[in-house]
Amino acid sequence: MRMKDKVALVTGAASGMGAATARLFAREGAKAVIVADLLDKDGEDVAAAINKAGGKASYRHLDVTDE
């Protein structure tokens, strides 16, 4: 459990490598994973899948190009 008691913020987490990273951090014991992306539906689905698997995740709409 390398992520035990840590909070992970993963950008681009609605699909591909970002989604895989978010799931991995949850499996590794992160106390919370913030799934961040522009793709709201896909990001919400990733967060829901993490929660269903016993992790704790939430989705946030985020555009990293906008300060």
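In this predicted model, strand S1 shows two contrasting faces: Ala 8 and Val 10 lie on the covered one, whereas Val 7, Leu 9 and Thr 11 lie on the uncovered one. The strand spans residues 7-11 and belongs to an open sheet of 3 strands, arranged in the order S1-S2-S3 with parallel pairing. Strand S1 and strand S3 (57-61) sit at the edges of this sheet and have a single partner strand each, so one side of each is left without a neighbour in the sheet. On average, neighbouring strands are turned by 20 degrees against each other, direction ignored.

The pairing can be followed residue by residue. Strand S2, made of residues 32-37, runs parallel to S1 and is joined to it by 5 bridges. Val 7 has Ala 32 of S2 as its bridge partner, Ala 8 stands opposite Val 33, and Thr 11 is partnered by Ala 36 of S2. Residues from both faces of S1 thus appear in this ladder, with Ala 8 on the covered face and Val 7 and Thr 11 on the uncovered one. On the far edge of the sheet, S2 and S3 also run parallel, joined by 5 bridges. Here Val 33 turns up again, this time with Ala 57 of S3 as its bridge partner. How enclosed is S2 by the rest of the structure? Of its 6 residues, 5 are buried, so this strand is largely enclosed.

Two helices accompany the sheet. Helix H1, residues 16-27, lies across S1 and S2 and runs at about 170 degrees to S1. Helix H2, residues 40-52, packs on the sheet as well, where it touches S2 and S3, and its direction makes about 170 degrees with that of S3. The path of the chain links these pieces in turn. From S1 the chain crosses through H1 to S2, forming a right-handed β-α-β crossover. A right-handed β-α-β unit is likewise made by S2, H2 and S3.

A closer look at H1 begins with its length. Its 12 residues should span 16 Å at 1.5 Å a residue, and the end C-alpha atoms are 17 Å apart, which agrees. Gly 18, Ala 19, Ala 22 and Ala 26 are the buried residues of this helix. They cover an arc of only 100 degrees around the axis, which puts them on the same side of H1. The general geometry helps to explain such a pattern: an α-helix has 3.6 residues a turn, so residues three or four places apart point the same way. The cover over the buried residues of H1 includes S1, S2 and H2. On the other side of H1, Gly 16, Met 17 and Arg 27 are exposed. After the helix comes Gly 29, with a positive phi near 100 degrees.

Helix H2 can be described along similar lines. It has 13 residues and reaches 18 Å from its first C-alpha to its last, close to the 18 Å expected at 1.5 Å a residue. Gly 43, Val 46, Ala 47 and Ile 50 are buried in H2. Viewed down the helix axis, the buried residues fall within an arc of 95 degrees, so they line one face of H2. That face packs against H1, S2 and S3. Lys 41 and Lys 52, on the other side of H2, are exposed. Just after the helix, Gly 54 takes a positive phi of about 105 degrees.

One loop residue completes the picture. Where is Leu 39 found? Leu 39 belongs to the loop between S2 and H2. With a relative accessible area of 41%, this residue is partly exposed, because it falls between the limits of 20% for buried and 50% for exposed. Once its neighbours within four places in sequence are left aside, Leu 39 is in contact with Ala 14 and Tyr 59. Of these, Tyr 59 lies within the residue range of edge strand S3, 57-61. The C-alpha atom of Leu 39 is separated by 9.8 Å from that of Asp 63, which is 24 residues away along the chain.

Notes:
Residues numbered from 1 in each chain as written. Predicted model: local features only at pLDDT ≥ 70, side-chain atom pairs only at ≥ 80, totals over all residues. Heavy atoms only, no water. Pairing = 2+ DSSP bridges. Helix = DSSP H or I, 4+ residues; strand = E, 2+ residues; numbered from the N terminus. Axes fitted to C-alpha atoms, helices over the stretch in contact; angles between N-to-C directions. Contact = heavy atoms within 4.5 Å. Expected span 1.5 Å × (residues − 1). Buried < 20%, exposed > 50% of the residue type's maximum accessible area, 1.4 Å probe, protein only. Arc of directions from axis to C-beta. Right-handed = clockwise from strand over helix to strand, strands pointing away.
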